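User: I'm new to reading protein models and I'd like a close look at just one part of this one. Could you walk me through a single strand and its surroundings?

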Protein chains: 2
Amino acid sequence: MTEKKARPIGVAVLGMGNVGTEVVRIITDNANDLEARVGAPVELRGVAVRDLSKPRGIDPSLLTDKPEELITRDDVDIVVELIGGIDPPRMLIREALQGGKSVVTANKALLADYTGELATAAAGAKVDLYFEAAVAGAIPVIRPLMQSLAGDTVTRVAGIVNGTTNFILSAMDADGSDYAETLAEAGRLGYAEADPTADVEGYDAAAKAAILASIAFHSRVTALNVYREGISKITTHDLESAKALDCTVKLLSICERIVDEDGTQRISARVYPALVPLAHPLASVNGAFNAVVVEAENAGRLMFYGQGAGGAPTASAVLGDMVMAARNKVHGGRGPLESTYASLPIAPMGDVRTRYYVSMRVADRPGVLSTVAGEFSSRNISISTVRQEGAGDDARLVVVTHRAPDSALSETVAALEKLESVLSVSSVLRLEGTND
Amino acid sequence: MTEKKARPIGVAVLGMGNVGTEVVRIITDNANDLEARVGAPVELRGVAVRDLSKPRGIDPSLLTDKPEELITRDDVDIVVELIGGIDPPRMLIREALQGGKSVVTANKALLADYTGELATAAAGAKVDLYFEAAVAGAIPVIRPLMQSLAGDTVTRVAGIVNGTTNFILSAMDADGSDYAETLAEAGRLGYAEADPTADVEGYDAAAKAAILASIAFHSRVTALNVYREGISKITTHDLESAKALDCTVKLLSICERIVDEDGTQRISARVYPALVPLAHPLASVNGAFNAVVVEAENAGRLMFYGQGAGGAPTASAVLGDMVMAARNKVHGGRGPLESTYASLPIAPMGDVRTRYYVSMRVADRPGVLSTVAGEFSSRNISISTVRQEGAGDDARLVVVTHRAPDSALSETVAALEKLESVLSVSSVLRLEGTND
């Protein structure tokens, strides 16, 4: 098929960090391929950077420290936002969209909270707002959910979408090192930032869960709607206990369609470290890799796996979006924007049915198991397995429950902590990826 | 985002087998969701079937045995072709496209050979031709390759895309049963058709390889360009030998960008049963599941996994395409069609560099290994491992080579067969999924 040559498509790139540098390199190196795929030449109009004095290895006349001017240029059709953070990207993207530019962004923090206002601007100007790179880097997840599964009913999305925490948990699992030293090692290797809070406390994974839940369930879910626990309290003992249960520990982003007995539907979006059975496909996703498992009524279970971060992989996703936005500029039409028609409410975490793993130090004397078990059964929680470990001062009880409302489970843990025979509840984790 | 309500989108379904039945059911059951996602009601105009007398569980006034009339109706916007085979679908799809209808099809045999003519018709009429369901059922593969990776350079696609053969090989591997009895069992369970030739001889996998290679490398690749071997000669001994080498046997569809020393690029597309190391992600894809591994210069290695066949999973992919085609009818624009600008030539199988596993019955006497090894080294082929098994009449030699041109490897096998000390070459398989 030969497409008629059209006027060039002008691209402005905002931000020249790891990803921006790769995006600029590929636009320059692969100009012929991009032109053939778009149906028109793709030309770089400018790159906005903070520090103009830093050498960038590109024609200096392309650099500017005034992004607000770059995005309003008449010869710019597409703005690629790779600055990160809420401000100034929020204002820049909104202005670009209102000015008729299509926008490609990898900004998960912004999208988690402001997709609504940005999508409204894009719809008003009939332009595209694409953000495949915002979740799971190079792995196509947004487009499959929005487009390939557009005729299906998604029931669940569960993913490992933060490379830093997966690197730390994989390393702790592999060599038995503790959290603090593994985090330090991750920092030395460039897998953790100087301030790792956004990663290790689950904020990054929660932003991605909000984006995934919004798309999967055609509703508006923001980061504040996502229940969140990080990995900073995970101990070597947790990983050992997981192994004894044929599990490993993963930080999961879970988006679930909850159907109550009366048919009412609600959304649960949550992030926490969970025990995952070794036989589950997410258990073998190690290091900085990402994977997302999508379950839909007709498609069944799908899994998407690949590199979730890094300059080149993220740039691949950005450029896929850029080519599609450029094609639409050439041929007309536009991709789907957000779809919130279902407007499902968010279920509080207490209503979500999960399974608990509870590890506690107990007094080594008869009757303790019976007392502990009584706290579960009095709240209608059925126990799946109990393991007694050690003896004397080191006696421990590890309980794994069947599925029950999270509120009942957390009440039980609170009650256990008050028992005289329970010296301390050392760890509480949820168990995911099982059918019972 | 509320979309303004537009006139209804009329859909005609051709064929009401497993997939067609599910498509009709979902269009009917999920009318509200589809309307919200498309921005207009989706209405079923008719279903073409061969036998009008068969009860179908839908309003009989929707049924017709004249597909050629259904596809020309003014109130039909989208034609979903699920008849299968080359004729009449080829003519029906072409006429539908020329008449301005967008077409969604799962017809891999047709697409493998006639995408060019169908895409030309679609481009001429400015309508969509979508076929996500043609490869790997519910698993999004076509759209990720065409759109998400549109800014990247794909280097390799390797997949398990035929459920029947994967079911047979998985069962042979799991319980040591032989090919004939496993095929019979697959037939009883509904995993193999009465005439299993298209599946077991690799024709189905080759058609899918042609489609994947065309998209991945922006070139035209037809089924005839795909080198093809089936699984009907695989023995229990092959699977045992594979195990001894920490491998399993999988029927792979491989599409590769070959870059010669002078920079010339060519395409290899091939289907054959191959040894795959157990540590490779494709090794653990069992039963009727499909998986596709895509490698691209910037994205790195991606894997897509899920149900590759079956009524509901395939219908999910069909409906995703239908929603996107319907959206384009409502909002304007259209998806990318085939892209063949790169026009890369096909490399003959003899030029492809592969690794061989050769199992032979040999005379049990000194000097045999040296004679056999001489045949490899005289053709410049380096041997990776040699295993001697059994003794006396049952003496065997199993050789695994490093990578070499396929022509040199097959010449070596021909020469081995003529050696007096080699009683018979019992099995030759390629080894894939290793880095050396």
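In S15(A), which residue is the bridge partner of Tyr357(A)?

Analyst: Happy to help, and keep in mind that this is a predicted model. The bridge partner of Tyr357(A) in S15(A) is Val400(A). Let's build the picture out from there. Strand S13 of chain A covers residues 353-362, and S15 of chain A covers residues 396-401. These two run antiparallel and are joined by 5 bridges.

S13(A) also pairs with S17(A), residues 422-431, again in the antiparallel sense, this time over 8 bridges. One spot to find on your screen is Val362(A), whose bridge partner in S17(A) is Val422(A). Then there's S16(A), made up of residues 404-405, which pairs with S13(A) in the antiparallel sense over 2 bridges. Here, look for Arg353(A): its bridge partner in S16(A) is Pro405(A).

How hidden is S13(A)? Counting a residue as buried when its relative accessible area is under 20%, 8 of the 10 residues in the strand are buried, so S13(A) is largely enclosed by the rest of the structure. As a bit of background, side chains in a regular strand alternate between the two faces of the sheet.

Now zoom out to the two chains. A turn of 180° with a shift of 0.0 Å along the axis lays chain A on chain B with an RMSD of 0.1 Å. The two copies are therefore related as by a two-fold rotation axis. In chain A, the C-alpha nearest that axis belongs to Gly333(A), 1.6 Å from it. Both copies use the same surface, too: 100% of the contact residues of chain A recur in chain B.

Note on methods:
Residues numbered from 1 in each chain as written. Chains lettered and ligands numbered in written order. Predicted model: local features only at pLDDT ≥ 70, side-chain atom pairs only at ≥ 80, totals over all residues. Heavy atoms only, no water. Buried < 20%, exposed > 50% of the residue type's maximum accessible area, 1.4 Å probe, protein only. Helix = DSSP H or I, 4+ residues; strand = E, 2+ residues; numbered from the N terminus. Pairing = 2+ DSSP bridges. Least-squares fit on C-alpha atoms with pLDDT ≥ 70 in both. Contact = heavy atoms within 4.5 Å.
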